[in-house]
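User: I'm new to this one, so could you take me through a single helix up close? Please tell me which side of the helix faces in, which side faces out, and what sits around it.

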Amino acid sequence: MENRNTFVAPSLLASNFLELGKEVEMLNRSEADWLHLDVMDGRFVPNISFGLPVISHIRKATKKTCDVHLMIEEPEKYAEDFKKAGADILTVHYEACTHLHRNIQQIKGLGMKAGVALNPHTPVHLLENIINDIDLILIMSVNPGFGGQHFIPKSLEKIRQTRDMINHYKAHALIEVDGGINIENASSILDAGANVLVAGSTVFASKDPEATISALRKA
């Protein structure tokens, strides 16, 4: 595997919301690099999670990168609000953006890193014309909306295709992968070309979340 930066981003969607402050304290102590924050609107995906007030409180409780993943329709209406709430990275879905280039420019103009997420059925070549404008590509390795799903094996080839496209265009986007990541498959995902591992249930359902995060880092 080529030498590049790798990051672990535990997804707070799988955390204990009644103990959210303690969960963030644990992540602050851990080897986690980013905090992955999934925002769902019940329209783009069939689930509702949390929004701006929760992210604002998390931002006050951590100095780590807040990686906000918007699974919502019309994300352009809320980009400025998420910046104010403390997002460092704001990722929108290709499938939710009619004017994706405009969305990306808006996010970067607000001073955040801009990411684009792709659902399992969406081919990576659709990002060719904006690959040099984005900071992160999020490959969904499950259908978005719910935690605890199994990794879709075809995602490995999709990660390889994304890495090839980045290399071909001499782009600098990181590849983030979200869905069904665990200790057993983390190495193969990184070997395929990923930089960022999002892990929810694997971390928060484990008996020792900090040790699990460390194990993912060692993958």
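Analyst: Here is a walk around helix H2 and one of its residues, followed by a few parts to set beside it.

A word on the ground rules: this is a predicted model, where local features need pLDDT of at least 70 and side-chain atom pairs count only at pLDDT 80 or more, while totals for chains, interfaces and linings use all residues. Residues are numbered from 1 along each chain as its sequence is written, and side-chain values use heavy atoms, with hydrogens and water left out.

Helices here are DSSP runs of H or I with at least four residues, strands are runs of E with at least two, and both are numbered from the N terminus. Helix H2 covers residues 52–61, and its buried residues are Ile 55, Ile 58 and Arg 59. They share a side of H2, because they span an arc of only 105 degrees around the axis; that arc is taken from the directions from the helix axis to the C-beta atoms. An α-helix has 3.6 residues a turn, so residues three or four places apart point the same way. Turn to the face of H2 that looks away from the buried side and you meet Pro 53, His 57 and Lys 60, which are exposed. As for the words, buried is under 20% relative accessible area, exposed is over 50%, and partly exposed is in between, with a 1.4 Å probe and protein chains only.

What does the buried side of H2 pack against? Its partners are helix H1 (20–29), strand S2 (34–40), strand S3 (65–71) and helix H3 (79–85). Contact here means heavy atoms within 4.5 Å.

Now zoom in on Arg 59, one of the buried residues of H2. Setting aside residues up to four places away in sequence, Arg 59 touches Lys 64, Cys 66, Ala 85, Gly 86 and Asp 88. With Gly 86 there is also a polar link: the side chain of Arg 59 reaches the backbone oxygen of Gly 86 at 3.0 Å. A polar contact is a pair of N or O atoms within 3.5 Å; within protein, one must be able to donate a hydrogen and the other to accept it, and residues adjacent in sequence count only if both atoms are side-chain atoms.

Strand S3, one of the partners of H2, is worth a stop too. His 69 lies in S3 and is buried, with a relative accessible area of 0%. Leaving out neighbours within four places in sequence, His 69 has contacts that include His 36, Leu 37, Asp 38 and Val 39. The side chain of His 69 also makes a polar contact with the side chain of His 93, at 2.9 Å. In the loop between S3 and H3 you'll find Glu 74, whose phi is near 50 degrees, a positive value in a residue other than glycine. Glu 74 is partly exposed, at 34% relative accessible area.

For a second helix to set beside H2, try H4 (residues 100–109), where Leu 100, Asn 103, Ile 104 and Ile 107 are buried. These sit on the same side of H4, since they cover an arc of only 95 degrees around the axis. Arg 102 and Gly 109 are exposed on the other side of H4. The buried residues of H4 pack against strand S4 (89–93) and strand S5 (113–118). Just after H4, Gly 111 takes a positive phi of about 95 degrees.
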